[in-house]
Amino acid sequence: MKLRGLVVLLATPVLLAGCSGSTTPVVDPQAAASAPVPGVTLPPDARVDLVPRPDEVPAGMVPVLSGSGPRDLKTVAGYSGTGATQTAAAARLTAHGFNGAYVAQYANPSTGQVLSVVASSFKDSAGAAADFADDLRGAAGTKVSTPTIGEQSSVTTQTVPGSSAKELVLVRFRKGLTTWSLAYQAGSTTEPQVAIALADVLVKRTTA
């Protein structure tokens with residue numbers, strides 16, 4: 001997924017995090033997973049296990065329910081743009097055998113941390129691999145050296161445009177029929193290892 005789509009997905013949590021008044025959030029890469037907030041869970045779906053659970057994200061992050069849940073072809077294609085861009089994205093996803101997606105968003109209003117994960121399923125591994133390759137085409141940012149996550153992966157960092165510079169970690173990876181785009185932002189000095197560790201958790205429990 002291109003930067004534009006991830007920024008759109010991050011928009012709602014960013015607004016929530018902006019209420020904290022913190023201008024330079026600090027992230028502890030060793031922070032323990034948070035305890036689930038009673039009664040707050042991700043919307044149910046067959047693909048919900050493809051994204052981080054509330055007890056797997058950094059401490060203090062809670063689900064943004066309005067930005068989480070199953071997503072169809074039109075919605076996922078819309079992350080690439082509107083009009084002809086969206087139509088072209090939908091055609092590529094269809095050609096790759098797109099079979100549905102699930103989005104999970106989390107935010108921590110106290111620290112400004114935000115997390116968005118898009119897990120997309122395809123009819124076969126060849127289609128998933130084609131989608132992964134298409135996603136990497138034209139990808140920007142500074143590459144982060146890390147062991148391969150799943151069967152294919154790419155980790156990059158880049159600055160999100162805006163009134164205050166914020167670093168975004170993008171982890172793109174694939175295993176079997178599934179591709180993921182995981183975006184993690186925590187102010188100006190985001191720690192890539194937090195996002196990488198979450199990606200490792202997801203591929204280890206994915207069987208197809």
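# Burial, salt bridges and a helix

Visitor: Does arginine 174 count as buried or exposed?

Guide: The relative accessibility of arginine 174 is 7%, and the classes are buried (under 20% relative accessible area), exposed (over 50%) and partly exposed (in between), with a 1.4 Å probe and protein chains only. By these limits, arginine 174 counts as buried.

Visitor: What kind of model do these values rest on?

Guide: Residues are numbered from 1 along each chain as its sequence is written, and side-chain values use heavy atoms, with hydrogens and water left out. Local features need pLDDT of at least 70, side-chain atom pairs count only at pLDDT 80 or more, and totals for chains, interfaces and linings use all residues, the model being predicted.

Visitor: How far apart in sequence are the parts that the salt bridge of glutamate 151 and arginine 174 ties together?

Guide: The closest N and O atoms of glutamate 151 and arginine 174 are 3.0 Å apart, which satisfies the rule for a salt bridge (a side-chain nitrogen of Lys or Arg within 4 Å of a carboxyl oxygen of Asp or Glu). Glutamate 151, in the loop between β5 (142-143) and β6, is joined to arginine 174 in strand β7 (residues 166-175), so the parts tied together are separated in sequence by 23 residues.

Visitor: Which residues are linked with Arg53 in a network of salt bridges?

Guide: Arginine 53, partly exposed at 35% relative accessibility, has its closest N and O atoms 3.6 Å from those of aspartate 49 in one salt bridge, and aspartate 49 is itself partly exposed, at 43%. A second salt bridge joins the side chains of arginine 53 and glutamate 56 at 3.8 Å, N to O. The network that includes Arg53 also links Asp49, Glu56 and Arg205.

Visitor: In what pattern do the helices and strands follow one another along the sequence?

Guide: Helices (H or I, at least four residues) and strands (E, at least two) are DSSP runs, numbered from the N terminus. The chain has five helices and eight strands, and read along the sequence they give the pattern α-β-β-α-α-β-β-α-β-β-β-β-α.

Visitor: What span should helix α3 have?

Guide: Helix α3 takes in the 13 residues 84-96, and the expected span is 1.5 Å times one less than the number of residues. The end C-alpha atoms of α3 agree with this expectation, because both the distance between them and the span it should have are 18 Å.

Visitor: Within what arc do the buried residues of α3 fall?

Guide: An α-helix has 3.6 residues a turn, so residues three or four places apart point the same way. In α3 the buried residues are Gln86, Ala89, Ala90, Leu93 and His96. Seen down the axis, with directions taken from the helix axis to the C-beta atoms, these buried residues line one face of the helix, since they fall within an arc of 125°.

Visitor: Which elements do the buried residues of α3 pack against?

Guide: The face turned away from the buried side of α3 carries the exposed residues Ala84, Thr87 and Ala95. The buried residues of α3, by contrast, pack against α2 (73-78), β3 (98-107), β4 (114-122) and α4 (125-136).

Visitor: What relative accessible area does threonine 156 have?

Guide: Threonine 156 lies in strand β6 (residues 152-160), and its contacts (heavy atoms within 4.5 Å), leaving aside neighbours within four places in sequence, include Ala140, Val144, Leu168 and Arg172. Threonine 156 is buried, with a relative accessible area of 4%.
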